[in-house]
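Trainee: I would like to learn how to read a structure like this one, feature by feature. Could you walk me through it?

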Amino acid sequence: MFQYDYRPLNNMLIKVGMDKLFSSLGTEDLREISERLMVYDYGLSDCYKRPDILCKILKDIYGKSYVRLITAS
């Protein structure tokens, strides 16, 4: 029986969601997030691999209001 590997499709869907989130941010915020991701050797498209790192970065930048940012997207 043929089994399809859905990981590439899942990764693409997660990336679309991440792009939506990041496009709603201003350029300064986006630059700040990108710079902090580089410390971990990650780019914006890699955030699905380690969501804990993105969560930590968003907490550092936005404080408790990071939850509203995530739930609004």
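**Reading the fold**

Mentor: Happy to! The protein chain has four helices and zero strands. Keep in mind that this is a predicted model. Going from the N terminus, the elements run α-α-α-α.

Trainee: How much of the protein chain is buried?

Mentor: Buried residues account for 19% of its 73 residues.

Trainee: Let's take one helix. What span does H3 have, and what span is expected?

Mentor: A helix is expected to rise 1.5 Å a residue. Helix H3 covers residues 51-62, which is 12 residues, and reaches 16 Å from its first C-alpha to its last, close to the expected 16 Å. After H3 comes glycine 63, with a positive phi near 65°.

Trainee: Which residues of H3 are buried?

Mentor: Ile53, Leu54, Ile57 and Leu58 are buried in H3. Viewed down the axis of H3, the buried residues fall within an arc of 130°, so they line one face of the helix.

Trainee: Why do residues three or four places apart point the same way?

Mentor: An α-helix has 3.6 residues a turn, so residues with that spacing point the same way.

Trainee: Now the core. Which residues touch the most other members of the largest nonpolar core?

Mentor: That core has 13 residues, and Phe22, Ile33, Leu37, Cys47 and Leu54 touch the most other members. Two or more residues come from each of H1, helix H2 (27-39) and H3. H3 gives the most, with four residues. Leu54 thus appears twice in our tour: as a buried residue of H3, and among the core members with the most contacts.

Trainee: What about glutamate 32: where is it found?

Mentor: Glutamate 32 is found in helix H2. Burial here needs a relative accessible area under 20%. Glutamate 32 has 23% relative accessibility, so it counts as partly exposed.

Trainee: How far apart are glutamate 32 and leucine 58, in sequence and in space?

Mentor: They are 26 residues apart in sequence, while their C-alpha atoms are 10.0 Å apart in space. Leu58 is one of the buried residues of H3.

Trainee: Let's finish at the surface. Which residues make the nonpolar surface patch?

Mentor: Tyr4, Tyr6, Leu9, Met12, Leu13 and Val16 make that patch, with an area of about 620 Å². Take leucine 9 as an example: it lies in helix H1, residues 7-23. A patch member needs over 30% relative accessible area. Leucine 9 has 34%, and is therefore partly exposed.

Conventions
Residues numbered from 1 in each chain as written. Predicted model: local features only at pLDDT ≥ 70, side-chain atom pairs only at ≥ 80, totals over all residues. Heavy atoms only, no water. Patch = residues over 30% accessible without salt bridge, like charges linked within 9 Å, V, L, I, M, F, W, Y side chains within 5 Å. Areas by Shrake-Rupley, 256 points an atom, 1.4 Å probe, with all protein chains shown as cover. Salt bridge = Lys/Arg side-chain N within 4 Å of Asp/Glu carboxyl O. Buried < 20%, exposed > 50% of the residue type's maximum accessible area, 1.4 Å probe, protein only. Expected span 1.5 Å × (residues − 1). Arc of directions from axis to C-beta. Core = buried A, V, L, I, M, F, W, Y, C linked by side-chain atoms within 4.5 Å.
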